[in-house]
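Reader: I have a model open at the bench and would like help with reading it. Could you take me through it one feature at a time?

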Amino acid sequence: SVHVFHDERAAGFAALGIGASTHVPAVVLTTSGTAATHLHAAVIEAHLGEVPLLVCTADRPPELRDVGAPQTIDQTHLYGRAVRWFVDPGVADDGTAQTWRPLAARAAALTISEPPGPVHINLPFRDPLAGRPGPLPPGRGDRAPWTTVPGTAVSPVTVPDGRVLVVAGSGAHPALGACGWPVLADPRSGIEGSSVVTHADVFLRHPVTADVLRPDVIVRIGPPPASRVVNEWVDSTTAVQVVLSSSWRDPGHRASMMTTGALSMPPPKPDWLDLWRAVDQVAESAIATHLARQERPTEPYVARSVLAALPADTRLVVASSMPVRDLEWYARPRHDVLTHANRGANGIDGTIATAIGIALGAGSPTVALLGDIAFLHDSTALIGLESRGLDLTLVVIDNDGGGIFSFLPQASLLDAPRFEQLFGTPHGVKVEELAAVHGIASLIVEDPDLIGRSVRSTVDSGGVWLVVVRTDRAANAAVHAELNAAVAAALDAAL
């Protein structure tokens, strides 16, 4: 099927979303010149997020390059080292027709190689551009030399015995949920079960708890979590680190072993898992109790409520800022809701378009949880959205600016007006009015108890919806501090 987007950046992220949901590359097409440059952010995310993507950019023929011809830039290796393969096959003619199918097959195969990622085909054309299509070259039948890409077999790695902790990101096997070892599961992993520990970011801020829980071995699977607290604590331990990943992932430079193959785990130690689960339950009780007292919507409560309210088999797309962190830190995991976030490059750009691509690829109801800045940043993706025939709900946490910056030292080091100017960046846009311009209906929710029900009602009714929950940035930072304090007090009492 063909999907038309007025903005190339939105097209790129929609193609990314299709690839992420189907594991099959979508083909994104642009004209030449600056149009091709607008795909760069999606290409970078596909590269670092390991999502298959096939980029085809039109170009001017060689004789019109470097001579001042209009709509002509240097598109050779335009995306640098972010692509698995770049090819410029030259201007198509009958003499090269026999190469077209092998070239296309090779390009598609390389997008799903290990690790998956983007491939760039640069396609120059000469006038007349409005020609008549001729017969395609014959198919290759069973002679398909590029249907697979050679790989290297890797023997299983034996994980050392001791107190093992598993840190699982996207792509981790669901069986880890009952593996018998404590598992810190990223929401994107879709892992749920008796081994899963939910609130590590909160309870690892408690020094005594963080010390008691130091493991002998840490097994990291896939990309790291969003939590800086968890990542820094992992690298502060003296544990042996074993990394299972399709690409090199060792930002802390602490990995002892790295593999793309299987792991042979030692027998679990029940007392070790029981300790983690007990601490996690103390944190869960403190978080649930504190959030239940909120009279106004808070961002942790929104993330927790949205995930809990979704019907089974819904897709959830989370902006790579505070929403993904609040989901990771405070929500209860679900294996029946597949969660996606653009955590390859950790950017907020393209969140709406990515959700559109997820919905197009999956054919399932999709919900996107994002802030107002991410919403405005990708507002061109709203063009024609109502007519795409999707079931998509956009849940916008609107705090009139960049809420994540309230957690940085600059929030206390700068005077309030300067901080607002440079970091808060209030915009004053009513997101529901912008949605109305595109024919999208909105619900504005002010009662915390109605957040989950409102989102569920839009999913059940189908179509495209906007759910707006307004919060205050300063109050949001305070709520996070209160939650951390409540968990610390509960741990003090329990330990």
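Author: Happily; we will go through the sheet, the salt bridges, the cysteines and the open and closed spaces. This is a predicted model, in which local features need pLDDT of at least 70 and side-chain atom pairs count only at pLDDT 80 or more, while totals for chains, interfaces and linings use all residues. Residues are numbered from 1 along each chain as its sequence is written, and side-chain values use heavy atoms, with hydrogens and water left out.

Reader: Let's start with the sheet. In what order do the six strands of the open sheet lie?

Author: The general idea is that strands of a sheet pair through backbone hydrogen bonds, either parallel or antiparallel. Strands here are DSSP runs of E with at least two residues, helices are runs of H or I with at least four, and both are numbered from the N terminus. Two strands pair if DSSP finds at least two bridges between them. In this model the open sheet has the order S8-S7-S6-S9-S10-S11, with parallel pairing. At its edges are S8 (196-197) and S11 (255-259), each of which pairs on one side only.

Reader: How many bridges join S6 to S9?

Author: Five bridges join S6 (residues 164-168) to S9 (residues 217-221), and the two strands run parallel. To find one by eye, go to Val167, whose bridge partner in S9 is Arg220.

Reader: Now the charged pairs. How many salt bridges does a search of the whole structure find?

Author: A salt bridge is a side-chain nitrogen of Lys or Arg within 4 Å of a carboxyl oxygen of Asp or Glu. The search of the whole structure finds 18 of them. One of these joins Asp161 and Lys269, with the closest N and O atoms 3.2 Å apart. This pair links distant parts of the chain, 108 residues apart: Asp161 is in the loop between S5 (157-158) and S6, and Lys269 is in the loop between S12 (263-264) and H8 (270-292).

Reader: Are Asp161 and Lys269 buried or exposed?

Author: Buried means under 20% relative accessible area, exposed means over 50%, and partly exposed is in between (1.4 Å probe, protein chains only). Asp161 has 54% relative accessibility, so it counts as exposed. Lys269 is partly exposed, because its relative accessible area is 29%.

Reader: Which salt bridge could I look at within a helix?

Author: Try Glu232 and Arg228, whose side chains meet at 2.7 Å, N to O. The two are four residues apart in H7 (residues 228-236), so about one helical turn separates them. Glu232 counts as partly exposed because its relative accessibility is 46%, whereas Arg228, at 64%, counts as exposed.

For a pair between helices, look at Arg304 and Glu284, where the closest N and O atoms are 2.5 Å apart. Arg304 sits in H9 (residues 299-309) and Glu284 in H8, 20 residues apart. Arg304 is buried, with a relative accessible area of 15%, and Glu284 is buried too, at 10%. Elsewhere, salt bridges that share partners join Asp59, Arg65 and Asp88 into one network.

Reader: And how many disulfides are there?

Author: A disulfide is a covalent bond between the sulfur atoms of two cysteines. The rule used here asks for a pair of cysteine sulfur atoms within 2.5 Å, and the count comes to zero. Cys56 is buried, at 9% relative accessibility, whereas Cys179 is partly exposed, at 24%.

Reader: Last, the spaces. What separates a cavity from a pocket?

Author: On a 1 Å grid over the protein atoms alone, a cavity is a set of points where a 1.4 Å probe fits but cannot get out; a pocket is an open set with protein on both sides within 12 Å along at least five of seven lines, and lining residues have an atom within 4 Å of a point. Grid points are joined across faces, edges and corners, and a volume is the space filled by probe spheres set on the points. The search finds three cavities of 30 Å³ or more. The largest cavity holds about 150 Å³, and its 18 lining residues include Ala185, Asp186, Pro187, Pro333 and Arg334, the closest to its centre.

Reader: What volume does the second largest pocket have?

Author: Its volume is about 970 Å³. The pocket is lined by 27 residues, with Ala92, Asp93, Trp100, Phe125 and Leu136 nearest its centre. H4 gives the largest share of that lining, four residues.
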